[in-house]
Amino acid sequence: MKINIFSIWLLSLMALICGIILIGGYTRISDSGLSITEWKPILGAFPPISDQSWNIEFDKYKQIPEYIMQNSGMSLSEFKFIYWWEWGQRQLARFIGFVWFVGLIVLLAKNKIPERWTFYFFGIGLLGALQAFLGWWMVSSGLDGQVVDVFSYRLAIHLTMAFIILALIFWAILFHSENSAKIFESRRHRNKVSVNILAGLGVLCYIQLALGALVAGIDAGRSY
């Protein structure tokens, strides 16, 4: 793939999404995801600064089942650790949205978007907005008093959507690479059985991703 503003944009998005998946994984295993009990897309970008604001956030956390049933007695410094992880993940999500939006606008202004691909990249942005909603939909399930952690099926949907967006970006990178013509030409001459096997393997990988999130969501691995 030629190094230009278009390729840098796509590669940056792919790297950022890989990063947020990894950070999201640590956020889950460190039980940091429920430390921020409100969804404020704009004002949430500003973290607590004063002791008073930190105590307000900590008091909100003390009202949810995770604190009452699992983290009762947690110190303020311990709360700050999990808070910063969740805040950092949300900030990275905002930054990804910023990179997508600014990159798309600049590329449109410079007429650098390949023909018939504008709606494709616009659709990726819509999926990103949906992913933000799914993230809060997942977190909110751990705040209403029904469970200590989030609903595992919502965690699975949230993770799978991240990999779908990643796959769409990777497909665009592959399609616009210098060797794309050779790649797709060789695909035409492959045995259909081989292509179907590879497609089936891809589907199984996504099923495994979803099942892995379900296992993590209910701590099934530890029980097993």
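**Figure 1. The R28–D31 salt bridge, one of the pairs in this predicted model.** D31 pairs up with R28 here, and the closest N and O atoms sit 3.5 Å apart. For the record, a salt bridge is a side-chain nitrogen of Lys or Arg within 4 Å of a carboxyl oxygen of Asp or Glu. D31 is partly exposed at 23% relative accessible area, while R28 counts as buried at 17%. The cut-offs: buried means under 20% relative accessible area, exposed over 50%, and partly exposed in between, with a 1.4 Å probe and protein chains only. A word on the model: residues are numbered from 1 along each chain as its sequence is written, and side-chain values use heavy atoms, with hydrogens and water left out. Since this is a prediction, local features need pLDDT of at least 70 and side-chain atom pairs count only at pLDDT 80 or more, whereas totals for chains, interfaces and linings use all residues.

**Figure 2. A salt bridge within helix 4, R90 to E86.** The closest N and O atoms of R90 and E86 are 2.8 Å apart. Both residues belong to helix 4, four residues apart, or about one turn of the helix. Helices here are DSSP runs of H or I with at least four residues, strands are runs of E with at least two, and the numbering starts at the N terminus. Are these two partners buried or exposed? R90 is buried at 15% relative accessible area, and E86 is buried too, at 5%.

**Figure 3. R116 and E115, a salt bridge between exposed residues.** R116 meets E115 with the closest N and O atoms 3.7 Å apart. R116 has 74% relative accessibility and counts as exposed; E115, at 63%, counts as exposed as well. Elsewhere, salt bridges that share partners tie E38, K40, E57 and K60 into one network. A search of the whole structure turns up six salt bridges.

**Figure 4. The largest nonpolar core, with I169 in view.** This core has 26 residues, and W9, L10, F121 and I169 touch the most other members. A nonpolar core means a set of buried Ala, Val, Leu, Ile, Met, Phe, Trp, Tyr and Cys residues joined through side-chain atoms within 4.5 Å. Helix 1 (5-29), helix 4 (76-109), helix 5 (118-140) and helix 6 (152-175) are the elements that give two or more residues to it. Which helix gives the most? Helix 1 does, with eight residues. Leaving aside neighbours within four places in sequence, I169 is in contact (heavy atoms within 4.5 Å) with L10, L13, M14, I17 and I124.

**Figure 5. A second core, apart from the largest one.** This other core holds 19 residues, I82, M138, V139 and L155 among them.

**Figure 6. Pulling back to the whole protein.** The protein has nine helices and zero strands. Its C-alpha trace spans about 65 × 45 × 20 Å along the principal axes. Of the 224 residues, 35% count as buried. Among contacts with a separation of 6 or more, 75% come from residues 24 or more positions apart. The accessible surface comes to about 13500 Å², with 68% of it belonging to carbon and sulfur atoms; areas come from the Shrake-Rupley method with a 1.4 Å probe, and for residues only the protein chains shown count as cover.
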